Amino acid sequence: MKARATASPNIALVKYWGKRDSQLKLPLNDSISVTLAGDFQSRTTVEFSEDYAQDSLLLDGVEASEKEMQNSFLVLDYLRKLAAVDFRASVVSQNTFPKGVGIASSSSGYAALAAAASAALGLKPDARQLSIAARLGSGSASRSIIGGFAHWKAGSMDDGSDSFAVQIADENHWPELRIVTAITSAEPKIIGSTEGMKRTVETSALFRQRLSTIPAKVEGIRQAILGKNMHSLLPAVMAESNSLHAVMLDSWPPIIYLNDTSKRIIAAVHELNDASGEIIAGYTFDAGPNAHILTEQKYLHEVEKAIKGEGVKSLHVSRPGEGSRIL
Ligand code: PMV
């Protein structure tokens, strides 16, 4: 009972920040993302056997942390129940990310785990079940099951059965789109997303206001993706990222993920758009200082030129990519 799967990280265009159930990782709002193709992948092998006394998890050759074990256990157990099997699992996961680039691997990691474990158990889950299983590992992983553009619906059920990602458009929908990741720091996060979200929900008054703006943003961004409309997508994506980082700063004690280079990139993108007389680039930042800049192939050179410079450690260009798959 063994299988191997791969998944890629996704970058949120409408951000997930705040849970209504921390164990089941049910979000307070819908989110939208693009799954990346290219440099970054998690490849995971799962083997179930009656010979194993407990689940074990090796990540890039190192034994997983307590928290990673707990989250993986939630994924494995959900699938064991579906398969009505009680064997323990050995999980070995490898990231193809260039070393020390500071890219978070939780979205690809738990998506690859869910895909490999379900195949090893002989399950044939639909995308909904796989997305739910991955979500139990980390919320954002629910979207890496899906190729291209994903919409994770928050849902309203207490058991999370209506909280999963669906596809807006596949990876071939917008072939000219590029996501330029600018690494500005390879340091570990100052505060993990779980703890950061909790602090924001508990202490930020601005967070309520943010939640009220999400339904209109989700619809606007979904339409912009379907219409491949850079001019409406990019300003909305930048404003959404700024809204996320505003509620982080409004938390107490404040959470500040952006560094000086991140802020310089924000200014450089606005300057580039102003100088071009149209919107050709749009930034978005997750819970960290690395920038993800959306643009189209024809503007790639200009965008790279504008953001390169002091503080940018490396640039990685991705296209929209496939969802999780069995190897
Ligand atoms: O799923 P987590 O716990 O890694 O949280 C992801 C949070 C953000 O990356 C900031 C936003 C998102 O929607 O991916």
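A pocket, as I use the word here, is an open set of grid points with protein on both sides within 12 Å along at least five of seven lines, and its lining residues have an atom within 4 Å of a point. I note at the outset that the model is predicted.

**Entry 1: second largest pocket.** I looked up the second largest pocket and found a volume of about 310 Å³. Its lining comprises 13 residues, and Lys19, Ser22, Gln23, Lys25 and Thr194 lie nearest the centre. The elements giving two or more residues to this lining are helix H1 (66–83) and H5. The most comes from H5, which gives five residues. By character, I recorded three nonpolar, five polar and five charged residues in the lining.

**Entry 2: Ser185.** I then turned to the loop between strand S12 (177–183) and helix H5 (193–203), where Ser185 has its place. Is Ser185 buried or exposed? Its relative accessible area is 12%, and because the cut-off for buried is under 20%, I entered Ser185 as buried. A polar atom of the Ser185 side chain lies 3.1 Å from the backbone nitrogen of Glu187.

**Entry 3: helix H9.** For helix H9 (residues 300–307), I listed the buried residues as Leu300, Val303, Glu304 and Ile307. These residues sit on the same side of H9, because they cover an arc of only 100 degrees around the axis. An α-helix has 3.6 residues a turn, so residues three or four places apart point the same way. On the other side of H9, I found His301 and Lys305 exposed. Against which elements do the buried residues of H9 pack? I noted S12, helix H8 (260–276), strand S14 (291–296) and strand S15 (314–320). Just after H9, Gly309 has a positive phi of about 130 degrees.

**Entry 4: backbone geometry.** Most residues other than glycine have a negative phi, and most peptide bonds are trans. I therefore looked up departures from this pattern.

- Asp60, in the loop between strand S7 (56–59) and strand S8 (62–63), has a positive phi near 50 degrees. I entered Asp60 as partly exposed, at 31% relative accessibility.
- Ala84 has a positive phi near 55 degrees and belongs to the loop between H1 and strand S9 (88–95). With a relative accessible area of 70%, Ala84 is exposed.
- The peptide bond from Trp252 to Pro253 is cis, with omega near -5 degrees. I located Pro253 in the loop between helix H7 (230–249) and H8.

Notes
Residues are numbered from 1 along each chain as its sequence is written. This is a predicted model: local features need pLDDT of at least 70, side-chain atom pairs count only at pLDDT 80 or more; totals for chains, interfaces and linings use all residues. Side-chain values use heavy atoms; hydrogens and water are left out. Helices (H or I, at least four residues) and strands (E, at least two) are DSSP runs, numbered from the N terminus. Buried means under 20% relative accessible area, exposed over 50%, partly exposed in between (1.4 Å probe, protein chains only). A polar contact is a pair of N or O atoms within 3.5 Å; within protein, one must be able to donate a hydrogen and the other to accept it, and residues adjacent in sequence count only if both atoms are side-chain atoms. The arc is that of the directions from the helix axis to the C-beta atoms. Contact means heavy atoms within 4.5 Å. On a 1 Å grid over the protein atoms alone, a cavity is a set of points where a 1.4 Å probe fits but cannot get out, and a pocket is an open set with protein on both sides within 12 Å along at least five of seven lines; lining residues have an atom within 4 Å of a point. Grid points are joined across faces, edges and corners, and a volume is the space filled by probe spheres set on the points. Ala, Val, Leu, Ile, Met, Phe, Trp, Tyr, Cys and Pro count as nonpolar, Asp, Glu, Lys and Arg as charged, and the others, Gly among them, as polar.
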